[in-house]
Amino acid sequence: MIAELGVFALVLALVTAVLLAVLPLAGAHWGLAGWVRLARPAAFLLCALCVLSSASLFWCFWRGDFSVLYVAANSHSDLPMAYKLAAFWGGHEGSMLLWQLMLSGWTLAVAWRSRDLPPAFVARVLAVLGWISVGLLLFLLFLSNPFARLIPAAAQGKDLNPLLQDPGMVLHPPLLYMGYVGFAVPFAFALAALISGELGAAWARWSRSWTLAAWGFLTLGILLGSAWAYYVLGWGGWWFWDPVENASFMPWLVGTALLHSLIVTDQRGAFRSWSALLAICAFSLSLLGTFLVRSGVLTSVHAFAVDPGRGLFILCFIVAVVGASLWLFAWRAPELGRCSGEFAMLSRETFLLINNVLFTAAALAVLIGTLYPLALDVLSGEKISVGPPYFQAVFLPLVLPALALMGVGTVARWKSSLVGELWRRLRVALVLSLACSAVLALAGGWMGVRLSPATLLGLALGLWCLLSTLAHIWQRLGQGLEIGHLGQRLSRQPWGWWGMLMAHAGAGVFVLAVSLADGLESRHETTLAQGETAEAGGYRFRFDSLGPTAGPNYDAQRAQFTVSRAGLDSWSMFPEKRVYRAQGMALSQAAIDSGWTRDVFVALGDPLDDQGLRWTVRLQVKPFMDWVWIGTLMMALGAGLSLMDRRFRTAKQRAHRQSGAPALQGAV
Amino acid sequence: MRFVLPLAIFLGLAIMLGLGLQRDPRALPSALLEQPAPAIDRPLLEDQQQVLHLQDLRGRAWLLNVWASWCAPCRQELPVLAELSKRDAVAVYGLNYKDQPDKARALLRVAGNPYRASAIDGDGRVGMDFGIQGVPETFVIDSQGRVRYRHVGPVTAEIWRDRLLPVIRSLQ
């Protein structure tokens, strides 16, 4: 019964979405106030129906209703409760429902937070979001109904894919989808502006907070996905340039460009059509990500739904959405005329433009690397895969200059800046970061650690990002050096400024950590019998014992390793080799000892004999690995801090101001 | 004009993706296509005194299925293969790849045995000659002993109906 309720709610949601997509748009076009007013209640109703439908699916999982095909395929009565609920998005249909739930949630948020914007504009934004909902709900109802019945009902479920039975997996998809789908909002704002033909700076101002929120969620989602790959897949790495990872990374890169381009459009009125194009691209890449993961066009560990019918629908959907929006762009953008904000060669606008060009180019490089194997297959029938070497060779040269210019851009002035002033403000940071990396290189050499040129470059760059950010804070707050005024000065700085600094410092921390973790890692793959020892990265690993153990839904061989370092301290680690009962799938659960300065990683491979006496093991020491996560977390936190800025909370006053007028606040 | 450029690029991309959708990522072309299949000459799982020779199988089309007891998809594939090959009267021979004979025999007892016979490829040399990338893989071999088709991944009822059976029927 409950499953049928879920389907019914979806059908009603589709009807509501059609109303939301058509009526407010027509109302805004012909000036029918009554139809325009419909947008907001329709958005509320749509969200309520999607919540009802999702709640029905949760209920089915909670009760273990194996007469629902999707539940039977992804759950099991032995599955712990948290994973039963996470199994909601463990497969294709539920993921799509989650997508729609998130979309309706964002639609509701826009309806709720935009009471002070012009009603006709809001009606268009909500209508665009309504159109996307229509497409997705059609897809859900006709091609991936999560409530499809299984008759006769299964006695037992097939269990959730063991790879997904991890705390990170519970949160990764919702956060990632929040980010993916969140880019629908700036997209809708840009389209609404294009439809109305009023592509001033106003839409950019209004969509900035939404872009920040989506970007923050996407950052967290990618972080969790990457951490999941690191902790669960047990391959000893954290980023593999897998097509599906790339699919989430491309919207992130374009989203980063969009964030920065919107600043210029908001503050200076420039880059208008460019910002609109980026907003379209960011969401298009989110859709493309969905297409790549769900259609089975590319093979990958993640692509669990291989169904050409679905792929075809998603492709048609993408063509409709992106094609229509780019057509609208081609039609309307030329009418925008020249932008109002003139700027000199050396100015904050130029630095933000370079940021935009580099990040967009990086996204393009990743896109090419992801789609090239497919293109080659179409053109010549050859099957190849493009690996990390390509991405490192193409991606790094694009992103490194962006990072190097980050510190300069933040201290540069709008309109025009002077070389002398930039040099005066940044020379200490520049000299210090170069000196510190030189000292590190020497110290490393003295301790017998050889730093490669790439690692050194990374170190210098990371230090530069951090120190230039600190210099910026120092100059903003430290002038005069009167302690009494410091508190006052601190409180006067806008949250947006703190957010920017936090995100930029996070980028610095991230670069430092990646350079150290990848440059100084030591790994050792060997075979060990019980009682034997091996060494990696200055640590001694002793294989003590091996015994059977069992979890709620798996049996495992659990090994005990004693890890010690030069006679200092020693502790035990317990890697496991699990076999999940329901699917008979074997999974290696690596033991990872995380610390502030290094991660120690022990993973069991396979037994080499029947008695299980000798095993292949992988031992790995990654220095400063945790800081990769901390740096990424700081970036997401930066987006959160910026959202607390007064400018976004007091949008109501600004909304009534004529669009295109330069903002009074000088901050970013 | 420059404002139309994004649309043009996107349409090109969409056409490519649409064509890509027609492809099956699992239908990997074999380097051996239309070439004589490499020799197997390995003892049989059922009776280690006997050896599987390709010459003995000349004269009709047959399937070579590479499998192992450690391979989870093979467990699902075995009963499907057993039922379909029996229904359509297709000869299926197995290549037991990098496996232990005891475990392999145990799996066949539990999951069903689709094979007329299985050759033991304990060191994986024969698999290497066939250029396999993963287990399971299935090759269609014609009456002259040439490789005519290669499928990577487990055989399902759809794969059997749409891919393998048409090739086999065309050879008979």
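## Strands S4 and S5 of chain B

S4(B) and S5(B) run parallel and are joined by five bridges. Within this pairing, Leu95(B) sits opposite Ala119(B) of S5(B). Between the two strands, the chain passes through helix H3 of chain B, residues 101-111. This β-α-β crossover is right-handed. The model described here is predicted.

S4(B) has a second partner. Strand S3, residues 62-67 of chain B, is parallel to strand S4, residues 92-97 of chain B, and five bridges join them. Two facing pairs can be named. Leu63(B) stands opposite Val92(B) of S4(B), and Trp67(B) stands opposite Asn96(B) of S4(B).

## How enclosed is S4(B)?

Six of the six residues of S4(B) are buried, so this strand is largely enclosed by the rest of the structure. Both faces of S4(B) are covered. On one side lie the buried residues Val92(B), Gly94(B) and Asn96(B). On the other side lie Tyr93(B), Leu95(B) and Tyr97(B), also buried.

The facing pairs fit into this picture. Val92(B) and Asn96(B) belong to one covered side of S4(B); Val92(B) is opposite Leu63(B), and Asn96(B) is opposite Trp67(B). Leu95(B), from the other covered side, is opposite Ala119(B) in S5(B).

## The sheet of chain B

These strands belong to an open sheet of five strands in chain B, with the order S5-S4-S3-S6-S7. The pairing in this sheet is mixed. Which strands stand at the edges? They are strand S5 (117-121) and strand S7 (147-152) of chain B, and each pairs on one side only. On average, neighbouring strands in this sheet are turned by 20 degrees against each other, direction ignored.

## Helix H5 across the sheet

Helix H5 of chain B covers residues 157-171 and lies across strand S6 (137-141) and S7 of chain B. H5(B) runs at about 170 degrees to S7(B). Four residues of H5(B) are buried: Ile159(B), Trp160(B), Leu164(B) and Ile168(B). A general point helps in reading such a list. An α-helix has 3.6 residues a turn, so residues three or four places apart point the same way.

How far should H5(B) span at 1.5 Å a residue? For its 15 residues the expected span is 21 Å, and the end C-alpha atoms are 20 Å apart, which agrees. H5(B) also has a kink of about 40 degrees at Leu164(B), shortly before the proline Pro166(B). Leu164(B) is thus named twice: as the site of the kink and among the buried residues of H5(B).

## Chain B as a whole

Chain B holds five helices and seven strands. From the N terminus, its elements run α-β-β-β-α-β-α-β-α-β-β-α. Chain B has 172 residues, and 40% of them count as buried.

Its C-alpha atoms fill a box of roughly 75 × 30 × 30 Å along the principal axes. Among the contacts in chain B with a separation of 6 or more, 74% involve residues 24 or more positions apart.

## The sheet of chain A

Chain A contains an open sheet of four strands in the order S1-S10-S9-S8, with antiparallel pairing. Strand S1 (522-529) and strand S8 (591-594) of chain A stand at the edges; each has a single partner strand, so one side of each is left without a neighbour in the sheet. Neighbouring strands here are turned by 15 degrees against each other on average, direction ignored.

Inside this sheet, strand S9 (598-607) and strand S10 (614-623) of chain A pair in the antiparallel sense over eight bridges. Asp599(A) has Lys622(A) of S10(A) as its bridge partner.

Note on methods:
Residues numbered from 1 in each chain as written. Chains lettered and ligands numbered in written order. Predicted model: local features only at pLDDT ≥ 70, side-chain atom pairs only at ≥ 80, totals over all residues. Pairing = 2+ DSSP bridges. Axes fitted to C-alpha atoms, helices over the stretch in contact; angles between N-to-C directions. Contact = placed C-beta atoms within 7 Å. Buried ≥ 20, exposed ≤ 12 C-beta atoms within 10 Å, placed from the backbone. Right-handed = clockwise from strand over helix to strand, strands pointing away. Expected span 1.5 Å × (residues − 1). Bend = angle between axes of the 7 residues up to and from the residue.
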